[in-house]
Amino acid sequence: MKQKIELYDTTLRDGAQGRQIKFSAEDQIRVVRALDEFGIAYIEGGQPGSNPKAAELFERAKDINLKHAKMCAFGSTRHPKSAVEDDANLKALLAAGTEIVTIFAKSSRVQAKEILRVSLDENVKLTGESVAYLKAQGKRVFLDGEHFFDGFFDDSEYALSVLEESWRNGAEVLILCDTNGGRLPSEIAHATRAVIERLPKAPIGIHAHNDAGCGVANSIAAVEAGAVHIQGTINGYGERTGNANLTTIIPTVQLKMGAKLVSDKQLAKLTHVSHLVAELANMNPRDSDPYVGRDAFTHKGGMHADAVNKLKSSYEHIEPETVGNRTHIAVSEVSGRSSLLQKAADFGITLERDAAETRDVLKRVKDMESEGYEFEGADASLELLMLRAKGHDKKFFTLLGYRVSVETSDGNGDSKSEATVKVELPDGQCVHTAAEGAGPVDAINNALRKALEGKYPELEKVHLEDYKVRILDGQSATSAKTRVFIESTDGDTEWDTVGVSENIIAASVHALLDSIEYKLYRTANKT
Ligand SMILES: [Zn+2]
């Protein structure tokens with residue numbers, strides 16, 4: 001493929017429109033960091049004119065040293081009744097302080113007349129003026145032609161005239177949007193070619209939605225027709241049925257169409273980025289997702305698994321490692337052995353392929369996974385499990401018991417949590433402490449630290465950075481299991497641990513104990 005293609009991520013703007021998607025301010029920063037490292041060229045942060053959280057993100061993003069990506073602020077063209085200099089939305093866009101602003105313009109006759117309620121000429125004029133004004137303020141301007149494809153098939157001349165006016169006034173990329181997501185690949189290809197014929201010098205982008213299940217196919221059709229800029233979201237998150245899924249588009253375009261979007265090393269992080277963003281959005285990763293899903297390269301017993309063992313390509317369309325995934329052979333002894341050995345090597349732990357301890361680790365991992373554990377986002381817990389199998393059983397402390405109470409006195413929901421813990425230290429000394437906290441887990445954490453900090457002062461710097469709870473589908477609602485992920489930091493490094501139980505407090509305590517033990521192990525092995 002000749003053309004150079006740019007990636008534009010809108011997970012934090014369009015993706016966050018998904019009903020279940022919610023990113024905290026902290027999560028947004030982590031998404032930005034992950035996308036930047038992954039090699040995304042442009043990150044749309046949101047609409048500063050209508051969303052204070054977006055404005056805050058742009059403020060905070062200024063302090064991040066982005067290596068690849070540029071932040072883009074998003075907003076509309078000027079209001080029909082206001083002049084560009086006085087327009088509140090354009091002001092907010094400028095205030096975001098980004099090098100690039102992306103504005104959306106009505107590029108459909110119906111939308112201009114019925115929704116914006118301006119004359120067709122006025123809509124073209126206000127689009128051109130908005131682009132020209134932002135350009136004059138020193139911005140690079142990307143133009144999203146909202147409802148472009150529906151507009152094109154209704155009145156192609158009008159839809160093209162909006163793009164033409166934007167291009168003439170200095171828009172850098174013209175993005176064709178299938179805002180309702182109902183168009184088909186052949187239609188997208190036809191319209192994209194028509195735009196390129198009319199404006200051969202203009203870089204054309206595609207922004208597709210997935211309402212007809214064609215979000216990825218439509219993006220690919222546009223690229224085949226000559227588009228050089230792809231917009232989408234990680235995991236296809238977005239309003240209704242979602243946006244075009246970058247997690248599928250990127251490996252498809254890179255591995256099957258020969259365009260270099262990210263480096264090979266970055267592509268090998270794809271599965272990690274997908275799962276991380278899912279985790280931050282508090283969504284379950286979809287096992288059946290192409291490329292990154294847990295089952296994307298899973299072969300269940302019998303002939304397929306046997307064939308894959310003999311010749312990997314027999315039932316796999318790409319090498320899973322190129323996208324950071326791995327082959328799973330379900331219900332087989334060798335399941336995951338290679339990747340587990342790889343993981344051990346990453347931790348600096350030597351596991352011999354056929355040693356008893358390796359079989360032991362494999363068995364434990366499998367048993368725990370069937371109980372609901374998930375080590376994908378909990379490296380520290382996995383490392384501890386390997387270390388224990390290797391005989392590193394130095395006990396830093398033993399939790400003998402704990403009790404936690406939650407009390408509310410005024411009935412309006414304000415509550416107080418208090419925990420007591422009993423801990424035995426290696427010298428046999430028993431420590432009994434009590435502490436309060438914002439919630440039961442916080443109270444237990446505080447009580448544990450109080451018990452241990454005298455002996456292990458390094459714990460003073462540790463704090464919990466994130467806490468995520470997921471209810472796992474159980475056979476019955478009452479026995480549903482809870483999985484808790486905890487992310488901890490000591491200011492220098494971060495580590496993730498996991499706990500599972502039918503009881504949310506017990507699951508949290510498991511993850512908490514792993515977190516503390518991991519820090520103590522790390523410190524002890526450094527000195
Ligand atoms: Zn959209």
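Two strands pair if DSSP finds at least two bridges between them, and strands themselves are DSSP runs of E, at least two residues long, just as helices are runs of H or I, at least four long, all numbered from the N terminus. Keep in mind that this is a predicted model: local features need pLDDT of at least 70, side-chain atom pairs count only at pLDDT 80 or more, and totals for chains, interfaces and linings use all residues. Residues are numbered from 1 along each chain as its sequence is written, and side-chain values use heavy atoms, with hydrogens and water left out.

**Exercise 1.** Work out which strands flank strand 15 and what stands opposite R483.

*Solution.*
- Step 1: Find strand 15, which spans residues 481–489.
- Step 2: Look to one partner: strand 14 (residues 463–472) runs antiparallel to strand 15, with 9 bridges joining them.
- Step 3: Now the other partner: strand 16 (residues 494–501) is also antiparallel to strand 15, and here there are 8 bridges.
- Step 4: Zoom in on R483 in strand 15, which has R470 opposite; in strand 16, V500 stands opposite R483.
- Step 5: Check the turn: 4 residues sit between strands 15 and 16 in their hairpin, and G491 there has a positive phi near 95 degrees.

**Exercise 2.** Decide how covered strand 15 is.

*Solution.*
- Step 1: Set the cut-offs: buried is under 20% relative accessible area, exposed is over 50%, and partly exposed lies in between (1.4 Å probe, protein chains only).
- Step 2: Count: 8 of the 9 residues in strand 15 are buried, so the strand is mostly covered.

**Exercise 3.** Take the salt bridge between R78 and E129, and say where each residue sits and how accessible each one is.

*Solution.*
- Step 1: Apply the criterion, a side-chain nitrogen of Lys or Arg within 4 Å of a carboxyl oxygen of Asp or Glu. R78 and E129 meet it at 3.1 Å, N to O.
- Step 2: Place them: R78 is in the loop between strand 3 (70–76) and helix 3 (88–95), while E129 is in helix 5 (residues 120–136), so this pair links distant parts of the chain, 51 residues apart.
- Step 3: Compare accessibility: R78 is buried at 6%, whereas E129 is partly exposed at 29%.

**Exercise 4.** Do the accessibility check for the salt bridge of D466 and K468.

*Solution.*
- Step 1: The closest N and O atoms of D466 and K468 are 3.4 Å apart.
- Step 2: D466 comes out partly exposed at 21%, and K468 buried at 11%.
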